[in-house]
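Me: I am new to this structure. Let us walk through it together, one short question at a time.

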Amino acid sequence: MKKMISALLFGCLSGMTLTAQNLIKDPDINKKPLSSEFRICEDTKIGTLTQFVEDYTWNHCLKLELKKYSTPKNGRRSYALGVLMGGDKKTPGFAVKPDCTYHFSVEVKGKGNKAMFNVREYGKNYHKKKKASLHVIKLQKDWTVYTGTFKTSPKATHAALELQFWGNDSAAANFTEKPGDYILIDKIKIREVKNKPSILQKTVIKAKIDTTREKSVIIAGKGVANAANIVDFKDLREDKPARYPATGKVYYKEDGLYFDLAFSGGAPRAKCKQNGNGVWQDDVAEIFIDARPWGGRFMQLVTAAGSGRWTGNGVRMLPDKYHTWSSRVTLRKDGWNVLVHVPFKTIGWKKAPAPGTLLRFNICRERHVADHVTAIDYTRGNRLAGHALKDNSCFAFPNGMFSDTANWGYLFVESLNPYLDKAIAKLSPGIRKQAEAIDRNAPGKAVSMLEQYIELDRMEKLSKEKFIITNIPLTTDPAIPFLPEELNSPVTKLHIKAAINEQTSAVFALANMTNQFEEYQVRLIRGWERLKTWNEFTMPAPGLKQKNGIILGKKNYTLRRGVAFRDSNQSNAGKRYDILDELTGVSSVPVPPKQAGLIYLQFDCHDLQPGIYTGKLLVTPLSSGRFIKSRHLPGRSGYDVKDDSKTVDITLEVLPFALREPSTFPLNGFRTVYTDHQLEFMKKYDYVMYMITPWHFNCTFNADGSIKERKPAEYLIPHIRYIAQNVKNTGKIPPVFAGYSCYDIWKRVHVKKQFQYDTPEYWKAWRTWLQYMDDVMQQNGVQRNRYTVEVFDEPNPKKFSRAEVKKVFEEAKKAVPGIHLTMTNGERHYYDDINHLVDNWIFGQHIFGEKQQMRKPAHFASQKGKISSMYACGTSMRQDLQNYNRILPWKAAYSGSDYVSLYQFFEQLPALDFRRAPEGGVAYDTGYSMVPSIRLELLRTGMNDIRYLKELELLAKGTPQEKEVAAFIRKTLHEIAVVYPHDPARAVNFREEVIKQILKITKK
């Protein structure tokens, strides 16, 4: 991930805008030979400045390398070596205005300890070197974005940004670099800052602040005597007191934070003494700490009542992190205590932070209530997990999800006041005056009021426009109220790249900044045209167009709007945009006042000619907009109007290659298909496996285990025939999936207790039932190589022994020669016994990142004839779009999978769609059409990422680039799936690099 380090306080540019022009001509360092706007300076004899090309990515950048020390006559060694950015051999820098502010952004990494930014100013008989707002930096091993500003003097006519090494041996602290150390520099942007007039200069609006709201806030002092007390824990699912008592103290010492927690309500379940995933069999205490300030997602520190620990980042276990923190457990008859020590370095701080420092966090408790429940009793617990009923509670109510960072608590070191002072100082004068009256004796209310003032300040600044339209990242959280930060700096131009047969999306936020409800018409237009030669007037022509006149028409794009839906089936459910309803020419986007709507622009590039297609996204307010004027244009060019509409320039670049079809990385959504409208929709998302339920293979058995009478359900045979006729072969992956858990269904539903377990009659009944299934499949058009039997789905090891599971697979192989068998999950307990008997293993993503467990998918994939997948099974709509949906295909590809799996494509009871929140489903069925969700679109984006990777891999086979490409793919998969899964920019940037390499190999 590229970390961001800035000398600008958050929000200080809210009253400024940057000019579009970058004053650096070659910001990506692509010119050969190296552009003269980059020049070595200071002691030019002790180092070199070159264009450097990074391994694997072929990224071009500047490399400033220290070759030797300078040794003047006094014998003291020193070094001063820098690079000037801007200007050329004739001009000392880029042209600047006097008394003007400039903003810079530079990506830097390197080997060494420190470097510093300066600015060189030039004018008539004038030259001065001075500090930038961001001066000394510590060099990082990974690319890091550094931003800052500088203001020119009255004499300046030109300026250049300088980054340099410096030091001398008079003091060890100043002499830290050595020959061979270097700085890499890339993505250099320098722009003029123009001040915006403050909308608060004219009037000051009295803020309406809810003084009853209260955040979960604690102020941790130094030492136990100054600890902050925690006296209230809340239920996980509802904002009410927890069922079981929990209290705690939080304080710090010079060596870190301490969480002293006490849980009551009964003797704990305390068996796990080993670190790792086994902790979840115990009662556990979990501490969540926000890691975003230092480039992560969050840290999850878990202690079991049995003393075992688990360290993770909310996505995977981090097995190398146990030495960085510790815990001590004490058991009691009515509960247990745990003292957790979190050193400051574990959470990104070198030492005890300054007073007023903020840390977002949560403390959570899981208590086992009942194991292996057959009927869920939510009066005892609030969560079913791992076949056990648990009661979960936490310090700050997270609305049903421990990982809901938006609702975490606030931990301040020593005092709240420094934090309040800094935040209030950034507000506009009118709002600041009101915020200064906040009562600081009630920290929870004070923080709530401050956040309301900050948002009010932002709203006032945005409200100078009646409405705002801007492109936003695909992974933007669509929770309501929806007003993403990107609205602060609207994007007016968007360039999209897609392969010839790719389906891709762009997302926009449309903010209504008036005080009235408004509806907006949204259209994609290629310009004003006379649609026929005999038309007198022009009108907005739909679609996009190439310069040569080739048109991208309506069949190749779809506009959709996000429809707000409840995000759970609880009484306190929140709302979020999830349903993506199609917009026609008449339908509009309704947006409440001071909120934003969400718009999806989808392109289907099948059958398009390669090239650049251009046009505009046209947004027109339907009630508050002003009609300004209309006019006849000169000559025969027709008619035009002006009004309050706004546009975003859209450029679609259809690349000169197609991705392989059928898809090289399809989707299994654990669902079947019943209708044509479902089938056509599923095909658009590269759907690969269609389910047949084992419940419908009814029969009766003779005493010896043979089948007495076959009684297939009336739905079964027509359903199999429908699938057989409409679903094509998809390579080595069988398109028909008999599931869920055929053995479990056979045992519980069909054979029941007719035979004693492990008798010859019992196993004969299992074999003959499989033969019955095979006969029905083949007689109705599904050949043996076109279907797979999911023998087990997440088998419970306490219900199915290792011996039974192995026997089940062995008997299945005897029953039907060549039968294809699937196992879903179960790798922890059964892998070594049955991997040679399983043809298709769908591994659970919960093993991702565990070195020992991840060896199993790799080993399975190495066996001849095997296929595999990795799947996720979350049932909350509030799963993080980046980590859960976008990155799931990356995790699957990293594990060696042939396809990706998700529970589930749409709900098992589609008649309940729109009546309850989805429980895993990512598409909605109206009864005559299917509607995608935002979550599904993110999953498809991730699947396309992997299709690009596989396309590159296939194209490189047999070429001189094959080894380099293979190394690049391995490195990329590891970085995005393992190291930086939380960083959306990584996958976006990767695709650009893959496209470059594909075009290079195909010489297009």
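Reply: Gladly. Keep in mind that this is a predicted model.

Me: Which residues have the most contacts inside the largest nonpolar core?

Reply: Nonpolar side chains in soluble globular proteins tend to be buried together. Here, the largest nonpolar core has 103 residues. Those with the most contacts inside this core are W769 and F905.

Me: Which helix gives the most to this core?

Reply: The top contributor spans residues 760-779. It supplies 10 residues to the core. That is helix α7.

Me: Which residues does W769 touch, leaving aside those up to four places away in sequence?

Reply: Contact here needs heavy atoms within 4.5 Å. On that basis W769 touches P694, F697, C699, F701 and I707. The rest of the list is C742, W746 and H750.

Me: How many residues does the second, separate core have?

Reply: This core includes L66, V106, L139 and I185. It is separate from the core around W769 and F905. Its count is 40 residues.

Me: Which strands stand at the edges of the five-strand open sheet?

Reply: The order is β28-β30-β38-β35-β36, with antiparallel pairing. An edge strand here has a single partner, so one side of it is left without a neighbour in the sheet. The two edge strands are β28 and β36.

Me: By what angle are neighbouring strands of this sheet turned against each other?

Reply: The figure is an average, and direction is ignored. It comes to 30°.

Me: How many bridges join β35 to β36?

Reply: β35 covers residues 557-566 and runs antiparallel to β36. Within this pairing, R566 stands opposite K575 in β36. The number of bridges is seven.

Me: Is S741 buried or exposed?

Reply: S741 lies in the loop between β47 and α6. Its phi is positive, about 45°, although S741 is not a glycine. Buried means under 20% relative accessible area. S741 has 8% relative accessibility, so it counts as buried.

Me: What is the relative accessible area of K594?

Reply: K594 sits in the loop between β37 and β38. It is not a glycine, yet its phi is positive, about 60°. K594 is partly exposed, and its relative accessible area is 28%.

Me: Which residue does a cis peptide bond join to P481?

Reply: P481 is in the loop between β28 and β29. The omega of the cis bond is about 10°. The partner is I480.

Me: What is the omega of the cis peptide bond from E661 to P662?

Reply: P662 lies in the loop between β42 and β43. The bond from E661 to P662 is cis. Its omega is near 0°.

Note on methods:
Residues are numbered from 1 along each chain as its sequence is written. This is a predicted model: local features need pLDDT of at least 70, side-chain atom pairs count only at pLDDT 80 or more; totals for chains, interfaces and linings use all residues. Side-chain values use heavy atoms; hydrogens and water are left out. Helices (H or I, at least four residues) and strands (E, at least two) are DSSP runs, numbered from the N terminus. Buried means under 20% relative accessible area, exposed over 50%, partly exposed in between (1.4 Å probe, protein chains only). A nonpolar core is a set of buried Ala, Val, Leu, Ile, Met, Phe, Trp, Tyr and Cys residues joined through side-chain atoms within 4.5 Å. Two strands pair if DSSP finds at least two bridges between them. Axes are lines fitted to C-alpha atoms, for helices over the stretch in contact, and angles run from 0 to 180 degrees between N-to-C directions.
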